[in-house]
Amino acid sequence: MAKQQSLDRYELYEQVWQFPMIKLGERYGVTRATIKWACTRMGIPLPHQGYWAHLAAGLAKAKAPLPPRSADQPKTISRADLLKQEPPNRRKGNHRQRSRWIEERKRILEEDIKRANLMMEVDGWHRAESIRRYLGELDKRVALGGTPAEGYAEWRAWTERCAMDLDYSSSRVETAPGR
């Protein structure tokens, strides 16, 4: 696929909120810093730090609106201007350094995603435990002579399934038989 000759402000705004800047840099043959420079130059708001980890965890907030363009902000930036902005030691020709940097960024992003997934698992486990305690309390009331409402058995079975869906701990460690 041929690289574009220029970047439109609105198009770059959309791309910055759809892809991490490191991916956009790869797409245009420049570094993340140069993509950030282009966004700053054109008045494009950027995702906050941790946005992609939050997005992967389903917790991302809406993207910031694109403010009106001021007179000193260009509507487009040429690919040549992007390449001129690249420091010589960061140009694409320095493959080893660039690939190490990209690998480190990928590792950090993967770690952030793993951490966000862990927090989702823990939150799910807490919710499942709350549901189980609630059902236990209802079971005590029934055992003491309380009368369940109509459809209680079906609702209780559904509620147990909800708790099981929220709790990933059984996929991490199986319990011994009889426990």
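Five aromatic pairs occur in the structure, which is a predicted model. One of them joins Tyr-10 and Tyr-13. The ring centres of Tyr-10 and Tyr-13 lie 6.1 Å apart. The angle between the planes is 40°, and the pair is tilted. Both residues belong to helix α1, which covers residues 9-18. Tyr-10 and Tyr-13 are three residues apart there, so about one helical turn separates them. Their surroundings can be stated separately. Tyr-10 is partly exposed, at 48% relative accessibility. Tyr-13 is buried, with a relative accessible area of 5%.

A further pair is formed by Trp-17 and Tyr-51. The centres of the two rings are 5.2 Å apart. Because the planes stand at 85°, the pair of Trp-17 and Tyr-51 is edge-to-face; the cut-off for this class is over 60 degrees. Trp-17 lies in helix α1, whereas Tyr-51 lies in helix α4, residues 51-56. The pair therefore ties together parts that are 34 residues apart in sequence. Trp-17 is buried, at 9% relative accessibility. Tyr-51 is also buried, with a relative accessible area of 6%. Trp-52 joins this group: ring pairs link Trp-17, Tyr-51 and Trp-52 into a cluster.

The two helices named above are part of a chain with eight helices and two strands. The order along the sequence is β-α-α-α-α-β-α-α-α-α. Four helices thus follow each strand in this pattern. The radius of gyration of the protein chain is 26 Å. For 179 residues the globule rule gives 16 Å. The value for the chain is well over this, so the chain is more spread out than a compact globule. The C-alpha trace spans about 80 × 40 × 25 Å along its principal axes.

Burial and contacts were then computed for the whole chain. Of its 179 residues, 26% count as buried. Tyr-13 meets that criterion at 5%, as does Trp-17 at 9%; the cut-off is under 20% relative accessible area. Contacts were counted between residues at least 6 apart in sequence. Among these, 73% join residues at least 24 apart.

The surface and the charges complete the description. The protein chain exposes about 12,700 Å². Carbon and sulfur atoms supply 55% of that area. The chain carries 33 positive and 23 negative charges. The mean positions of the positive and negative charges are 10 Å apart.

How values were computed
Residues numbered from 1 in each chain as written. Predicted model: local features only at pLDDT ≥ 70, side-chain atom pairs only at ≥ 80, totals over all residues. Heavy atoms only, no water. Rg over C-alpha atoms; globule rule 2.2 N^0.38 Å. Buried < 20%, exposed > 50% of the residue type's maximum accessible area, 1.4 Å probe, protein only. Contact = heavy atoms within 4.5 Å. Areas by Shrake-Rupley, 256 points an atom, 1.4 Å probe, with all protein chains shown as cover. Lys, Arg positive; Asp, Glu negative; His and termini not counted. Charge placed at Lys NZ, Arg CZ, Asp CG, Glu CD. Phe/Tyr/Trp six-rings, centres within 6.5 Å; stacked < 30°, edge-to-face > 60°.
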